[in-house]
Amino acid sequence: MNEKTKELPILIAQTGPQEGQHWVLEDTLLIGRDADCDIVIPNHQVSRHHARFTLTPQGVFLEDLASKNGTFHNGKPITDTILIHEDDIIQIALAQEFVFLNSDATVPIGGEISAPAFRGGAPVKTKLRLEKRSRRVWIGEFEITPPLSVLQFNLLDILCQQEGQVVPRSEIIYGIWGEEDAVAVSEQALDALIRRLRDRLLEIDPQHEYIVTIRGHGLRLDNPII
């Protein structure tokens, strides 16, 4: 993959038949049920030619192709061609969900980052590693598949950015859900998210507890050096 391709936007399938797959948007991506589509979704709710993404100098546009069951942008049905942005969620009928990552993401495809990159002034390699642009996660040499959900990845990313420090629960909630939605998020919802993320990490490494609860304070990431 050349340097130009690395900088292009990508579309990542989060739930549905194509979960865990991603596509680089170099020109257009046609989505539908027919075999001639760039992304084929074998589901009767999906039209033969359902929707299309188009890369232009002005950005990436999403168009619904008069589909029977609709194309949804951040939960709302679209009727016209719209400009999409970083982290937008695209739903094809009720069959497949995608997240869109723009070309201005800070980490290129194929480049992984460890958090933190330095300890005590010296570079280190940690056991748990994240690639922000494609939202991929590794523990040692094993990649977590299917990928973490958006909320799970955001939780892990927040802890990685402050790895070794205790992050208050309120800061985590605001970081994941944003200021407007955070007020409606219950402690139970955060606890459920933490539990699901712990379970996913334990599937790969059952011998180590990466997310440590500091009662009365918050969470801390314990990320071993390898």
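Me: Buried means under 20% relative accessible area. Going by that, does proline 9 count as buried or exposed?

Reply: This is a predicted model, and proline 9 sits in the loop between α1 (3-6) and β1. Its relative accessibility comes out at 2%. The cut-off is under 20%, so proline 9 counts as buried.

Me: How far apart in space are proline 9 and leucine 55, C-alpha to C-alpha?

Reply: Along the sequence, proline 9 and leucine 55 are 46 residues apart. In space, going from C-alpha to C-alpha, the separation is 8.6 Å.

Me: Okay, zoom out a bit. How many helices and strands does the chain have?

Reply: The chain has 226 residues, and buried ones make up 42% of them. Among contacts between residues at least 6 apart in sequence, 45% join residues at least 24 apart. As for the elements, the count is four helices and 19 strands.

Me: Any empty space inside? About how much space lies in the largest cavity?

Reply: Rolling a probe the size of a water molecule over the atoms shows where empty space is left. Here, one cavity of 30 Å³ or more turns up. The space in the largest cavity is about 70 Å³.

Me: Which strand gives the most to the lining of the largest cavity?

Reply: The lining residues are Ile12, Ala13, Gln14, Val99, Ser134, Arg135, Pro147, Leu148, Ser149 and Val150. By class, that lining has six nonpolar, three polar and one charged residues. With three residues, the top contributor, spanning residues 10-15, is strand β1.

Me: And the aromatic pair: are the rings of tryptophan 23 and phenylalanine 98 stacked or edge-to-face?

Reply: The structure holds one aromatic pair. The ring centres of tryptophan 23 and phenylalanine 98 are 5.9 Å apart, with the planes at 70°. Planes over 60 degrees apart fall in the edge-to-face class, so the pair is edge-to-face.

Me: How many residues apart in sequence are the parts that this pair ties together?

Reply: Both partners, tryptophan 23 and phenylalanine 98, are buried. Tryptophan 23 belongs to strand β2 (residues 22-24) and phenylalanine 98 to strand β11 (residues 96-101). The pair therefore ties together parts whose separation in sequence is 75 residues.

Me: Let's do hydrophobics. Which element gives the most to the largest nonpolar core?

Reply: The largest nonpolar core has 27 residues, and Leu128, Val137, Leu155, Leu156, Leu159, Ile172 and Leu201 touch the most other members. Elements giving two or more residues to this core are β14 (128-131), β15 (136-139), α2 (150-161), α3 (169-182), α4 (187-204) and β19 (218-221). The top contributor, with six residues, is α2.

Me: Which residues does leucine 201 touch, not counting residues up to four places away in sequence?

Reply: Leucine 201 belongs to the group of core residues that touch the most other members. With residues up to four places away in sequence left out, leucine 201 touches Leu128, Ile139, Ile144, Tyr210 and Ile211.

Me: How many residues are in the other core?

Reply: This other core lies apart from the largest one. Among its members are Ala13, Leu29, Ile39 and Ala95. Its size is 20 residues.

Me: What about isoleucine 173: what is its relative accessible area?

Reply: Isoleucine 173 lies in helix α3. It touches Gly178, Ala182, Val185, Glu187 and Leu190, not counting residues up to four places away in sequence. Isoleucine 173 counts as buried because its relative accessible area is 7%.

Me: Backbone oddities next. Which phi value does aspartate 87 have, although it is not a glycine?

Reply: Asparagine 74, also not a glycine, has a positive phi of about 50° and is found in the loop between β7 (71-73) and β8 (76-77). Aspartate 87 is found in the loop between β9 (82-83) and β10 (89-92). The phi of aspartate 87 is positive, at about 70°.

Me: Last one. What does aspartate 27 count as at 48% relative accessibility?

Reply: Aspartate 27 lies in the loop between β2 and β3 (28-32), where it touches Phe53, Thr54 and Leu55, leaving out residues up to four places away in sequence. Buried needs under 20% and exposed over 50%. At 48%, aspartate 27 therefore counts as partly exposed.

How values were computed: Residues numbered from 1 in each chain as written. Predicted model: local features only at pLDDT ≥ 70, side-chain atom pairs only at ≥ 80, totals over all residues. Heavy atoms only, no water. 1 Å grid on protein atoms, 1.4 Å probe; cavity = no way out; pocket = protein on both sides within 12 Å on 5 of 7 lines; lining within 4 Å. Points joined across faces, edges and corners; volume = space filled by probe spheres on them. Nonpolar A, V, L, I, M, F, W, Y, C, P; charged D, E, K, R; others polar. Phe/Tyr/Trp six-rings, centres within 6.5 Å; stacked < 30°, edge-to-face > 60°. Buried < 20%, exposed > 50% of the residue type's maximum accessible area, 1.4 Å probe, protein only. Core = buried A, V, L, I, M, F, W, Y, C linked by side-chain atoms within 4.5 Å. Contact = heavy atoms within 4.5 Å.
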